[in-house]
Amino acid sequence: MSPLFTAIVIILAILAVMGIVVGVANDAINFLNSAIGSKVAPRRTILWIAAAGILVGTLTSSGMMEVARSGVFYPAQFSFPEIMMLFLGMMLGNVLLLDLYNTLGLPTSTTVSMVFGLLGAAVATALFRIAADPAFSLQDLSQFINTGKAMVIIAAILLSVAFAFIAGLIYMYVSRLIFSFRYAPVFRRWGAVWCGISLSGILYFALFKGLKSSGLIPTSVSEYVTDHVLLTLLAFWIVASIVLWLFQRMRLNIMRITILSGTFALALAFAGNDLVNFIGVPLASFDAWQIARDAGSETIMMGALEAPARANFLILLVSGLIMVLTLFFSKKSQHVAETELSLASQHEEEERFGSTFISRGLVRLTLMANNLWTGIVPARVQKAIDRRFEPLPAEERTSAQYDMIRAVVNLTAASVLIAIGTSYKLPLSTTYVVFMVAMGSSLADRTWGRESAVYRITGVMAVISGWFITALGGFLIALAVTALLLWGGWIAVVALTALCAWLLIRSHRKTPELKAEAEKALLPLEKAETPDEVLCACIGEVCNTMQEVTRIYNRTLVAVFKENRKVLKEMVRDSNHLFEEARDRKYNIMPTLRRLQRCDIDTGHFYVQVVDYLSEVTKALIHITRPAFEHIDNNHEGMSKEQIVDLMRVNDQVEEIFDKINDMLATKDFSDLDLVLEMRDRLFDTIVEAIKSQLRRINGNPSTSTRASVLYLTILNETKTMVLQSRNLLKSQHYFLEAKHELGSPRK
């Protein structure tokens with residue numbers, strides 16, 4: 001046996017481990033988000049329950065391994081070397097594709113990435129075979145590829161998206177009509193029956209979807225259930241309702257039981273059915289290697305792969321343990337989970353996505369439909385419905401993204417849809433169903449209000465388009481990689497494996513840096529909880545921002561004098577970041593004012609002024625840094641000596657004013673407010689003289705650089721604006737603190 005193929009088996013084993021890591025990081029949202037979003041239990045408890053489901057699922061998943069061996073292509077048409085290159089090309093492309101999605105924080109389907117990756121690799125191998133053998137032509141491609149499989153997967157994507165969204169929307173709407181946001185009184189009467197529906201669907205899902213390939217359920221039972229789906233669900237509902245009613249009488253939280261059971265069931269089904277996506281191809285390559293070794297030939301055709309296969313129990317156990325460790329320690333899984341949670345959150349928060357003309361158009365159409373609806377439905381009925389959807393006041397809400405009613409709906413709708421789809425042999429994607437159910441339920445729960453709908457629709461569209469890109473990307477990447485492997489032989493194997501390893505190492509080294517940067521970017525105001533903490537955070541943000549403004553302004557002028565492009569580029573980046581922070585603070589002002597709940601109206605009024613002035617200061621700063629960088633970046637003529645002298649004089653005075661302002665902000669001693677006013681007036685006189693001097697230079701020397709003069713005047717005018725707003729900021733900050741600590745004291 002050639003060492004090359006032994007090396008490929010080892011490489012695929014390593015890629016299997018990496019595939020499990022990146023796959024679990026992406027698919028963890030499928031079974032964690034409902035429990036995490038509702039905060040039904042501590043995160044560690046949720047992870048342990050999911051881990052138990054994963055271990056059970058992995059140990060019962062061996063029956064699914066044939067998908068990777070013969071589900072997309074016909075192995076009897078390929079030789080041993082061709083099949084090994086096919087498997088290696090698919091795995092290299094698949095791991096890179098999933099890692100890219102994890103880094104972007106977008107959920108996708110590992111099933112689709114595997115199937116289309118295998119399809120792309122098989123097409124590349126078939127084309128290579130056709131090109132090398134005159135007996136074949138392009139018309140014979142169907143002899144190598146099972147083209148019907150790809151069409152089934154594409155149809156399943158469309159079905160998953162549409163049906164899951166509609167099911168989540170309807171079930172959530174009806175559930176909220178029944179229970180409202182103040183669900184405790186009604187839930188005591190009907191909660192067991194309602195949760196019984198959920199638990200019956202979840203149990204059916206776990207038993208006949210998650211364990212369908214395990215061999216633990218007798219064939220006769222499985223066939224009977226398949227033929228009598230509705231009767232089975234009805235029996236489960238009756239039994240589950242009785243058991244939950246007894247639990248409710250024992251004062252147990254049956255919604256918590258239902259949600260954690262659903263988390264276990266989804267984790268079990270994920271591991272039992274999706275493990276093949278990660279280790280199916282490496283195990284198939286090992287089987288192919290053993291077949292060739294036993295036959296003593298490297299040119300043998302791989303028809304033996306069409307035979308049923310059972311994975312080794314030890315391999316399944318190790319795979320399950322790797323999945324569990326990834327679940328507990330992967331930072332990328334948390335990043336992916338944040339996407340769905342932010343799109344479904346019922347709280348006001350910064351939106352992760354922007355606005356597109358499609359999302360704006362959909363919102364307008366919805367508003368028009370709503371106007372039509374209000375014209376048909378009697379006002380009395382509308383008011384009754386609106387009362388059921390009236391959210392809790394801010395002081396009664398928890399920090400959870402949504403309540404347990406919605407968590408139960410998400411798990412139930414997803415479990416029932418996947419279970420029924422499986423019974424009718426519809427290959428629904430777990431990822432697609434779970435995500436779209438969550439989006440449908442959040443829409444029905446009126447989470448997508450006029451303030452957030454356009455951004456959240458954009459987010460959903462981004463995720464959905466990413467799913468289709470997964471299919472296309474997985475196909476093209478695997479096709480290209482496999483073609484290079486077949487063409488380049490062992491050299492291509494070494495080069496592409498090294499490239500894949502380098503990209504993955506580079507990606508995972510960046511992850512802690514991205515996390516640290518995200519934590520650093522998290523404003524102290526977002527972490528504050530009590531009104532006093534919010535107040536301290538507000539003061540701290542103002543001080544930090546003004547210190548940064550002072551630093552950036554000074555370094556920008558010095559860099560302009562020295563024509564230092566690198567420093568100017570850095571200052572543009574820093575000033576943009578400062579401006580974005582100020583803008584976000586301005587847009588998120590309402591939640592902050594609510595958190596300053598015990599303040600009087602004057603306090604809120606002065607905080608609004610502080611935020612507005614801070615935004616104006618940072619805006620003036622970027623109007624200095626951006627033109628300065630563009631001027632130097634375009635290699636225009638620098639400042640003249642006279643201009644530099646004037647700007648240095650201005651810079652010295654600005655620095656003196658900012659130092660005084662920063663000192664007053666830090667010490668909260670505003671006794672020198674009048675002194676700052678005098679310093680500001682002297683600076684304005686200096687700026688006026690500098691402008692007059694420039695005008696005299698222009699009149700006396702017509703050859704004076706026009707662009708340098710424009711930049712010079714821009715800096716002077718924006719400096720004037722920046723200092724003016726800074727002084728206003730200082731005064732408003734003084735009034736803000738005074739209103740907070742000395743209510744009723746006279747204003748200056």
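1. A good place to start is helix α13, which provides the largest share of the lining of the second largest pocket, 9 residues. Helices here are DSSP runs of H or I with at least four residues, numbered from the N terminus. A pocket is an open set of points on a 1 Å grid over the protein atoms alone, with protein on both sides within 12 Å along at least five of seven lines, and lining residues have an atom within 4 Å of a point.

2. Please keep in mind that this is a predicted model, with local features needing pLDDT of at least 70, side-chain atom pairs counted only at pLDDT 80 or more, and totals for chains, interfaces and linings using all residues. Residues are numbered from 1 along each chain as its sequence is written, and side-chain values use heavy atoms, with hydrogens and water left out.

3. Back to that pocket: its volume, the space filled by probe spheres set on grid points joined across faces, edges and corners, is about 1,100 Å³. It has 27 lining residues, and T366, N370, L443, R446 and W448 are the closest to its centre. Two or more lining residues come from each of α6 (147–179), α13 (357–376), α14 (379–388), α16 and α17 (453–521).

4. Now for α16 itself. Of its 15 residues, 14 are buried (under 20% relative accessible area, 1.4 Å probe, protein chains only), so the helix is largely enclosed by the rest of the structure. Just after α16, R446 adopts a positive phi of about 60 degrees.

Conventions. Buried means under 20% relative accessible area, exposed over 50%, partly exposed in between (1.4 Å probe, protein chains only). On a 1 Å grid over the protein atoms alone, a cavity is a set of points where a 1.4 Å probe fits but cannot get out, and a pocket is an open set with protein on both sides within 12 Å along at least five of seven lines; lining residues have an atom within 4 Å of a point.
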